[in-house]
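Subject: Handover of a structure and the findings from it

Dear colleague,

Please find below the structure that I am handing over to you. My account of what was found in it follows directly after.

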Amino acid sequence: QVHLVESGGGLAQTGGSLRLSCAASGLTFRADSMGWFRQTPGKEREFVASMSYSGRTSYYSDSVKGRFTISRDSTENTVFLQMNSLRPEDTAVYYCARFVGRSPANYGSWGRGTQVTVSS
C-alpha cells in the first residue's frame, strides 16, 4: 500500500520561500514518477509539478514555472518541492503523489497534505 507523508508547509510572506518534503513508502520509488498537486477550498485540486523516475525530466504548471523546483532523493524515497518567490495565490494544501497524469481524477486516494499559507 502506497503511503505518502507531506511536510514542510507553514506560513510565509509574499516573496518568501518554503521547502516541502514527501516521504514515500509502499512503492518502487526508483521506478515511479512523482508529482505535487495543490488544492484551495472551493476549487479543484490542480497539478503543480512532476518529475520522472530518473529525475531527468520535470514539468511544471504555468503558474509556478520559474519559481518552484521539484527534486527527489531516491536514497531516502523522498520528493521535494522548493517554492520561491511565493505569492498569496500559492496558498493551498499541497499533496504529493505517485504521478500517473495531470488530472486529479486519475488518483484514488491522497495523503493528508501540508498547508501552505502566503501572507500579503
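Two strands are said to pair if DSSP finds at least two bridges between them. Please keep in mind that the model is a predicted one.

**The two sheets**

With pairing so understood, one open sheet consists of four strands in the order 1-3-8-7, and its pairing is antiparallel. Strand 1 (3-7) and strand 7 are its edge strands, each pairing on one side only. On average, neighbouring strands of this sheet are turned by 15° against each other, direction ignored. Within the sheet, strand 3 and strand 8 pair in the antiparallel sense over six bridges. R19, for instance, has Q82 in strand 8 as its bridge partner.

Another open sheet has six strands in the order 2-10-9-4-5-6, with mixed pairing. Strand 2 (10-13) and strand 6 stand at its edges with a single partner strand each, so one side of each has no neighbour in the sheet. Here the average turn between neighbouring strands is 25°, direction ignored. Strand 9 and strand 10 are paired in the antiparallel sense over three bridges. The bridge partner of Y94 in strand 10 is T114.

**The nonpolar cores**

In soluble globular proteins, nonpolar side chains tend to be buried together. The largest nonpolar core in this model has 26 residues, and W36, V48, F68, I70, L81, M83 and Y94 have the most contacts inside it. At least two residues of this core come from each of several strands, including strand 4 (34-39), strand 5 (46-51) and strand 8 (78-83). Strand 3 gives the most, with four residues. L81 may serve as an example: leaving out residues up to four places away in sequence, L81 touches L18, R19, L20, W36, V48, A49, F68, T69, I70 and Y94.

There is also a second, separate core of five residues, and among them are F37, F47, A97 and Y107.

**The aromatic residues**

A pair of aromatic rings is described by the distance of the centres and the angle of the planes. The structure holds seven such pairs. One of them joins F47 and F99, whose ring centres lie 5.7 Å apart with 50° between the planes, a tilted arrangement. Its members come from distant parts of the chain: F47 belongs to strand 5, while F99 lies in the loop between strand 9 and strand 10, 52 residues apart. Both F47 and F99 are buried.

Y107 and W110 form another tilted pair, at 4.9 Å centre to centre and 35° between the planes. Are these two residues buried or partly exposed? Y107 has a relative accessible area of 12% and is therefore buried, the limit for that term being under 20%. W110 counts as partly exposed because its relative accessibility is 25%.

Ring pairs link F37, F47, Y95, F99, Y107 and W110 into a cluster. R45 also belongs in this account: its charged end sits over the ring of Y95, 4.0 Å from the centre. The charged end of R45 likewise sits over the ring of W110, 4.3 Å from its centre.

**A loop residue**

Finally, S61 is located in the loop between strand 6 (58-60) and strand 7 (68-73). S61 is buried, with a relative accessible area of 11%. Apart from neighbours within four places in sequence, S61 is in contact with F47 and V48.

Yours faithfully,
A colleague

Key:
Residues numbered from 1 in each chain as written. Predicted model: local features only at pLDDT ≥ 70, side-chain atom pairs only at ≥ 80, totals over all residues. Heavy atoms only, no water. Buried < 20%, exposed > 50% of the residue type's maximum accessible area, 1.4 Å probe, protein only. Contact = heavy atoms within 4.5 Å. Core = buried A, V, L, I, M, F, W, Y, C linked by side-chain atoms within 4.5 Å. Phe/Tyr/Trp six-rings, centres within 6.5 Å; stacked < 30°, edge-to-face > 60°. Lys NZ or Arg CZ within 6 Å of the ring centre and 35° of its normal. Axes fitted to C-alpha atoms, helices over the stretch in contact; angles between N-to-C directions.
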